[in-house]
Amino acid sequence: MNQSKSHSYIAEFDRAIFFTYMILCIIGLGVLMDISSVRENMNFFYKQLAYLVPALLIMFSALYFPNLQKL
Amino acid sequence: MWVLIVLGLLIGVLAFGVEVNGAKRFLKLGPLLFQPSFLARIVLILYLAGLLSKKQEEIKTTNISDLIKTLLPFLVTMLLMYLLILKEKHLSTLVISASTLLGMFWIAGIRKRFVMALFAVALIGGLIVIAKGASYRGERIEIYKKYSLFTKDTVAHVDREKEYQTRESLTALSSGKLFGTGIDKGRAKHFFLPESRTDYVFTIIGEETGFAGAMLVFGLQCFLFWRAFKVSLRQEDLYLRYVGLGLALNLFLNVLVNVGVAMSAIPSTGVTLPFISYGGTSLLTDSLAIGLLLNLSAKRKEI
């Protein structure tokens, strides 16, 4: 007998939190670019940019984590 | 399981940690450096939220020994983690974590006098650490007394080299005036403030974009806290509510400490400004907190 499993998906989340977070991250990158530029070493800016990729992945993984009660 | 992983990582820092600026707080993972103490803060919030939601009736007791018995597994874990974090000389993260957990106790409905007693114990513990611990902590208090936003001790004698960052931070902030010196025209980042990309990033914002720019950034952080607080209070499930409130409080306390240090409203300590300061671990763990808060806010539909 076929039993259809019901799945839930995220239809909506708080966009204000998401966009504020993104704006702050972009401001952060801008400030670090500004600070790094005078030191003739953009390493810190590039490192922060590189960290932003896993940070976004972690953020989205946590957002789509199916059941927070299991944490 | 998360508690064991974090304890393992914190012990790993003591055994194989990398020293940066005189403090051994980092684990080297390939080309990246990671600070487990940041993760410890989130794990303690999840652990406490679980305990408070499961023992909702027991924590409202009027008997202190019953309360300690209920909270004992958590208190032991917390103390163990805090001792390991203290070994890393990371007092600021400990203060933020302890304040967050006290806030959670308060919100969960533990009797106010017990929360105040826990606060007193934490305060006495903190004072003992400052008095008996590394000498630089005492020096920072002296610097704070001299430059404090609230009380100025003009006779305090502090080594000019040691008060350097605080003095430069205040000079830079005041030179920013209302609209700042202009982007890329600031003076502090030209080696006047060595920690300008981490602990004093707010100073750079204040100097180059003035009071208006600094207030915009601070306002965005306040808005984030307010939204996160609102989302958390909407949760019917107590565990989710406490997780949300704990995460929101943790992020906002970070903001308050960072901004407070830049303005000399509190003694100097190394805390990053969430999402803005340079720092891989803080960006990763703060993003994890935002992801969890967004998860709480999510409305799900069945397929």
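Okay, let's start inside chain B: across the interface of its domain 1 and domain 2, there are 5 residue pairs in polar contact. Before I go on, keep in mind that this is a predicted model.

So who's on the domain 1 side? Strand E3 (32-34), helix H2 (36-54) and helix H4 (91-108) of chain B each put in at least two residues. Of those, H2(B) has the largest share, with 10 residues. As for the chemistry of that side of domain 1, you get 13 nonpolar residues, 10 polar and 1 charged. And how many salt bridges are there between domain 1 and domain 2 of chain B? The count is 0.

Let me back up and say where these domains are. In chain B, the domain assignment gives 1-133 as domain 1 and 159-303 as domain 2. Their centres, taken over C-alpha atoms, are 21 Å apart. In terms of contacts, 24 residues of domain 1 of chain B meet 22 residues of domain 2 of chain B.

Now, the area. People often give the size of an interface as the accessible area lost when the parts come together. For domain 1 and domain 2 of chain B, about 2000 Å² is buried between them, and 73% of that is on carbon and sulfur atoms. If you want three residues to look at on the screen, take B:Phe38, B:Ile42 and B:Ile96: they supply 26% of the area domain 1 buries against domain 2, more than any other three residues.

Right, on to the other chain. Here 50 residues of chain B are in contact with 43 residues of chain A. Chain B and chain A bury about 4500 Å² between them, with 69% of it on carbon and sulfur atoms.

What about charges? Across the interface of chain B and chain A there are 3 salt bridges. One of them pairs B:Lys189 with A:Asp34, with the closest N and O atoms 2.5 Å apart. There are also 11 residue pairs in polar contact across the interface of chain B and chain A.

On the chain B side, E3, helix H8 (201-233), helix H9 (238-262), helix H10 (280-297) and strand E4 (299-302) each supply at least two residues that touch chain A. That side of chain B divides into 30 nonpolar, 10 polar and 10 charged residues.

Last stop, the strands. Strand E1 (residues 8-12) of chain A runs antiparallel to E4(B), and 4 bridges join the two. If you want to find the spot, go to A:Glu12, whose bridge partner in E4(B) is B:Lys299.

How values were computed:
Residues are numbered from 1 along each chain as its sequence is written. Chains are lettered from A and ligands numbered from 1 in the order in which they are written. This is a predicted model: local features need pLDDT of at least 70, side-chain atom pairs count only at pLDDT 80 or more; totals for chains, interfaces and linings use all residues. Side-chain values use heavy atoms; hydrogens and water are left out. Domain bounds come from an automatic or database domain assignment. Contact means heavy atoms within 4.5 Å. Buried area is the accessible area (1.4 Å probe) that two parts lose on being put together, summed over both. A salt bridge is a side-chain nitrogen of Lys or Arg within 4 Å of a carboxyl oxygen of Asp or Glu. A polar contact is a pair of N or O atoms within 3.5 Å; within protein, one must be able to donate a hydrogen and the other to accept it, and residues adjacent in sequence count only if both atoms are side-chain atoms. Ala, Val, Leu, Ile, Met, Phe, Trp, Tyr, Cys and Pro count as nonpolar, Asp, Glu, Lys and Arg as charged, and the others, Gly among them, as polar. Two strands pair if DSSP finds at least two bridges between them.
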